[in-house]
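Trainee: Got a minute to go through this one with me? I'd like to start broad and then zoom in.

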Amino acid sequence: MTLEVTKLTKAYGKNVVLDRLSLTLEGGHIHALVGENGAGKTTLLNTLAGIYRPDSGRVLLDGKPIFDNAQAKARIGFVTAGNTYPVGTSVAELAKQHACIYPKFDMNKWETLMERAKLTPDKSIRSYSRGEQMLISILLNLSICPDVLLLDEPFAGLDPVLRKIVFSLLVEESAEHGTTMLISSHDLSELERLCETVFFLKNGKIERGGSIDELKAEYKRIQAIFAGDAPDISEWRGVKAVERAGRVLRFVANELTDELREKLEAAGAIAVEEIDLSLEEMFLHMNQSRWEGFR
């Protein structure tokens with residue numbers, strides 16, 4: 001299974017949200033989609049789901065367009081925090097509706113998931129909390145047995161128990177069925193635990209993309225402790241995102257070379273260590289110009 005996006009453009013009037021964007025989702029992997037508010041993540045997911053028509057470019061599932069293609073759409077699940085449900089609709093009725101729309105909907109799987117989650121299908125969907133509604137949406141989309149599962153802020157409104165359930169379900173689905181997933185979330189710590197690859201969306205384009213481990217290897221956070229106040233090294237070549245707090249100095253560099261360690265020690269450092277950047281730190285580093293005035 002391959003979902004391929006080539007030179008995708010989508011605009012609202014004169015506001016270009018996606019600008020000749022290209023990416024490829026390989027089958028059987030869990031991918032993260034990361035970007036600032038307004039970067040176009042939700043627009044991209046809606047276009048991948050076949051809800052929005054591309055203005056130009058191609059969005060293909062195994063070589064076939066998704067928009068206006070019922071067979072392709074039947075292979076794609078889409079979970080969004082913006083789901084709205086008719087007043088009085090029971091969870092059981094929602095399951096029946098999904099079974100009518102999606103040929104591969106597995107009622108046995110649905111009933112088993114609901115039982116495992118300790119949820120009652122006869123209750124109105126609106127009687128459940130926001131977090132429980134998100135969980136039910138995820139269970140419905142898992143039950144359609146999708147080849148591709150798109151999730152827009154799936155951790156929104158979840159308490160720690162529901163978060164644990166959702167995390168376990170997504171890992172289980174990927175491991176047992178090889179479902180390809182693209183997850184957009186501002187909860188970068190969860191994405192780092194769950195995903196293998198990440199796409200950074202900025203200004204309507206994929207700015208960076210690849211294995212999280214490989215991207216993390218490109219930059220390191222260096223921490224140095226000094227006998228006295230930490231010096232200002234912001235003008236040193238190759239150092240970025242410098243932070244000083246008393247005797248402690250933190251900054252980002254490609255690696256802690258022998259030359260850099262010796263330079264820090266010559267400046268009075270008594271301890272120096274190299275630490276992997278978290279996904280959140282990588283994101284902040286790539287968008288430093290936006291927040292550096294608020295240190």
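Mentor: Sure, we'll take the whole chain, then a sheet, a helix and one asparagine. Keep in mind that this is a predicted model.

Trainee: OK, how many helices and strands does the chain come to?

Mentor: The secondary structure adds up to eleven helices and 14 strands. The C-alpha trace spans about 70 × 45 × 35 Å along its principal axes.

Trainee: And what share of the residues is buried?

Mentor: Of the 295 residues in the chain, 47% are buried. On the outside, the chain exposes about 14,800 Å², and carbon and sulfur atoms supply 48% of that.

Trainee: What about charges, how many positive and negative side chains are there?

Mentor: There are 36 positive and 43 negative ones, and the centres of the two sets lie 5 Å apart.

Trainee: Let's switch to the open sheet of four strands. What's the strand order?

Mentor: The order is β2-β1-β4-β5, and the pairing is antiparallel.

Trainee: Which strands stand at the edges?

Mentor: Those are β2 (15–26) and β5 (64–65). Each has a single partner strand, so one side of each has no neighbour in the sheet.

Trainee: And how many bridges join β1 to β4?

Mentor: Five bridges link β1, residues 2–12, with β4, residues 56–61. If you want a spot to look at, T6 sits opposite R58 in β4.

Trainee: New topic: is helix α1 mostly covered or mostly exposed?

Mentor: Mostly covered: α1 runs over residues 41–48, and seven of its eight residues are buried. Among them are K41, T43 and N46, along with L44, L45 and L48.

Trainee: What comes after α1?

Mentor: α1 is followed by G50, which has a positive phi near 85°.

Trainee: Now that asparagine, N141. Which helix is it in?

Mentor: N141 belongs to α5, which covers residues 130–143.

Trainee: Is N141 buried or exposed?

Mentor: Buried, with a relative accessible area of 5%.

Trainee: So what does the N141 side chain reach?

Mentor: The side chain gets to the backbone nitrogen of F78, at 2.9 Å. A polar atom of that N141 side chain also lies 2.8 Å from the backbone oxygen of S137.

Trainee: Which residues is N141 in contact with, leaving aside neighbours within four places in sequence?

Mentor: G77, F78 and V79, plus P146 and L149.

Trainee: Last one, back to the whole chain. Of contacts between residues at least 6 apart in sequence, what share joins residues at least 24 apart?

Mentor: That comes to 66%.

Notes
Residues are numbered from 1 along each chain as its sequence is written. This is a predicted model: local features need pLDDT of at least 70, side-chain atom pairs count only at pLDDT 80 or more; totals for chains, interfaces and linings use all residues. Side-chain values use heavy atoms; hydrogens and water are left out. Two strands pair if DSSP finds at least two bridges between them. Helices (H or I, at least four residues) and strands (E, at least two) are DSSP runs, numbered from the N terminus. Buried means under 20% relative accessible area, exposed over 50%, partly exposed in between (1.4 Å probe, protein chains only). A polar contact is a pair of N or O atoms within 3.5 Å; within protein, one must be able to donate a hydrogen and the other to accept it, and residues adjacent in sequence count only if both atoms are side-chain atoms. Contact means heavy atoms within 4.5 Å. Accessible areas come from the Shrake-Rupley method with a 1.4 Å probe; for residues, only the protein chains shown count as cover. Lys and Arg count as positive and Asp and Glu as negative; His and the chain ends are not counted. The place of a charge is taken as NZ of Lys, CZ of Arg, CG of Asp or CD of Glu.
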